[in-house]
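Me: Please take a close look at a single part of this structure, at the level of individual elements and residues. I should like one connected account rather than a list.

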Amino acid sequence: MQLSKEAILKTLSRVQDPDLKRDLVSLGMIQNIQIEGQKVSFKVVLTTPACPLKEVIKNNCIEALEEDFGTGFEWDLTMTSQVTTVRDATPILPQVKNIIAIASGKGGVGKSTTSVNLAVALAETGAKVGLIDADISGPSIPTMFNVEAEQPAVKKVGEKNVIIPINQYGVKLMSIGFLTPAESAVVWRGPMASSALRQFISDVDWGELDYLLIDLPPGTSDIHLTMVQTVPVTGAVIVTTPQKVALADATKGLTMFKQPQINVPVLGVVENMAYFTPEELPDNKYYLFGKEGGKRLAEKYQVPFLGEIPIVQSIRESGDTGYPAVFKNGITKQAYTELAEAVARQVAIRNASQQKTEIVEIKA
């Protein structure tokens with residue numbers, strides 16, 4: 001076959017993205033083809049920097065090219081990424097590509113810990129990430145990021161005062177914990193808490209973000225409705241533990257997003273505290289709260305199972321010291337890294353296969 005840009009594109013149109021089940025050329029992933037003698041260079045633009053199949057796609061490209069053109073050429077592939085979005089021309093958060101709700105339906109299942117480590121793991125891949133602590137009465141994000149003493153600055157944009165989020169570990173952060181004394185309880189009725197969340201969304205200078213995570217409080221309350229009425233949410237991640245009592249509440253959280261009037265895609269279920277592994281016995285797993293409850297929940301509602309997070313002492317220590325567990329080598333880093341890859345993959349699949357989410361209008 002004669003070497004040309006058209007011929008290269010024809011060859012690469014046989015290579016599929018394993019997740020999106022479409023070829024790289026029709027997805028617009030092949031860019032900037034350059035032919036210089038026996039050297040051919042081009043970019044493969046993936047849908048997320050967290051793509052775990054990067055090497056698979058690269059090898060598939062080279063195999064297809066060598067099959068058609070032989071082995072006498074030097075193939076120089078640059079694997080890069082551009083996070084996809086279905087949000088366009090939106091007045092609120094115009095530069096934010098994806099808004100992800102992290103919900104549980106129940107307190108005490110480690111939802112905030114999961115949110116923190118997911119945010120940091122995504123940022124570690126090179127993605128631009130923000131995190132809103134939407135638990136107005138029990139904010140824990142400042143502690144988990146070791147920024148309890150920080151206070152956000154305010155700048156003037158036109159006639160409006162805009163809050164500059166705190167930046168820690170490559171993640172932009174906003175929490176009521178930055179604005180109220182640590183020892184004081186926030187005793188607010190629902191409308192006040194909802195108003196605070198709206199401010200965190202629209203009055204904060206989030207700038208360009210690939211993913212904005214919203215760590216929701218337990219339950220299915222005013223805050224959840226305020227969120228879906230304020231911004232179109234790309235998708236929701238449900239956090240649960242394996243035991244029956246947690247699964248009952250996680251089911252309510254999951255089915256809330258699936259209700260026709262809300263209709264937010266569920267990206268998947270995370271099973272937190274899935275098993276205990278002692279540091280001195282790394283191959284042993286003890287299922288303290290039951291086994292595979294989250295997996296069964298995902299299967300029941302036909303949503304992806306995003307993975308298991310173990311219950312180990314280092315995760316608790318990381319939350320208390322404000323140094324996320326994903327930074328520590330071992331099973332915690334692996335678990336949260338794989339979770340970030342799974343969530344990023346599901347966002348890309350959702351954006352390629354489903355219509356954009358609409359803002360919810362709920363009539364009283």
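Reply: Two strands are taken to pair if DSSP finds at least two bridges between them. The model is a predicted one, and the part chosen here is the open sheet of 8 strands, together with the helices that pack against its strands.

The order of strands in this sheet is β10-β11-β7-β12-β6-β13-β14-β15, and the pairing is mixed. Its edges are formed by β10 (166–168) and β15 (305–308), each of which pairs on one side only. Direction ignored, neighbouring strands of the sheet are turned by 25 degrees against each other on average.

Strand β7 (129–133) is a suitable place to begin. On one side β7 is joined to β11 by 5 bridges, with the two strands running parallel; within this pairing, Leu-131 stands opposite Leu-173 of β11. Strand β12 (residues 209–215) also runs parallel to β7 and is joined to it by 5 bridges, and here Ile-132 stands opposite Ile-214 of β12.

The surroundings of β7 can be read from its accessibility. A residue counts as buried when its relative accessible area is under 20%. Because 5 of the 5 residues of β7 are buried, the strand is largely enclosed by the rest of the structure. The burial extends to both of its faces: Val-129, Leu-131 and Asp-133 lie on one side, Gly-130 and Ile-132 lie on the other, and all of them are buried.

Part of the packing around β7 comes from helix α5. The buried residues of α5 pack against β7, β11 (171–175) and helix α6 (222–230). These residues are Ala-193, Ser-194, Ala-196, Leu-197, Phe-200 and Ile-201. They cover an arc of only 155 degrees around the helix axis, and therefore lie on the same side of α5. The spacing of such positions follows a general rule: an α-helix has 3.6 residues a turn, so residues three or four places apart point the same way. The length of α5 can be checked as well. Helix α5 comprises 13 residues (190–202), which at 1.5 Å a residue should span 18 Å; the end C-alpha atoms are 18 Å apart, so expectation and model agree.

Further along the sheet order lies β13, between β6 and β14. Strand β13 pairs with β14 (residues 266–271) in the parallel sense over 5 bridges, and Val-237 has Gly-268 of β14 as its bridge partner. Within β13 (residues 235–240), Ala-236 deserves attention. Ala-236 has a relative accessible area of 0% and therefore counts as buried. Apart from neighbours within four places in sequence, Ala-236 is in contact with Ala-101, Phe-257, Val-264, Pro-265, Val-266, Leu-267 and Gly-268. Ile-102 is 134 residues away from Ala-236 in sequence, yet the two C-alpha atoms are 5.9 Å apart in space.

Helix α7 (residues 244–258) lies across this region of the sheet, over β6 (96–103), β13 and β14, and runs at about 175 degrees to β13. Helix α7 also packs with helix α8 (residues 293–300): the angle between them is about 35 degrees and their axes are 11 Å apart. The crossing of α7 and α8 is right-handed. On the α7 side, the contact is made by Leu-247, Ala-250, Thr-251 and Leu-254, and on the α8 side by Gly-293, Gly-294 and Leu-297.

Helix α3 also reaches β13 and β14, as one of its residues shows. Thr-114 lies in α3 (residues 111–124) and counts as buried because its relative accessibility is 1%. Leaving out residues up to four places away in sequence, Thr-114 touches Val-239, Val-270, Asn-272, Tyr-336 and Leu-339. Of these, Val-239 falls within β13, and Val-270 falls within β14.

Taken together, the sheet can be followed from β7, which has parallel partners in β11 and β12, to the parallel pair of β13 and β14. Helix α5 packs its buried residues against β7 and β11, whereas α7 lies across β6, β13 and β14.

Terms used:
Residues are numbered from 1 along each chain as its sequence is written. This is a predicted model: local features need pLDDT of at least 70, side-chain atom pairs count only at pLDDT 80 or more; totals for chains, interfaces and linings use all residues. Side-chain values use heavy atoms; hydrogens and water are left out. Helices (H or I, at least four residues) and strands (E, at least two) are DSSP runs, numbered from the N terminus. Buried means under 20% relative accessible area, exposed over 50%, partly exposed in between (1.4 Å probe, protein chains only). Contact means heavy atoms within 4.5 Å. The expected span of a helix is 1.5 Å times one less than its number of residues. The arc is that of the directions from the helix axis to the C-beta atoms. Axes are lines fitted to C-alpha atoms, for helices over the stretch in contact, and angles run from 0 to 180 degrees between N-to-C directions. A crossing is left-handed if the near helix is turned anticlockwise from the far one by less than a right angle, and right-handed if clockwise.
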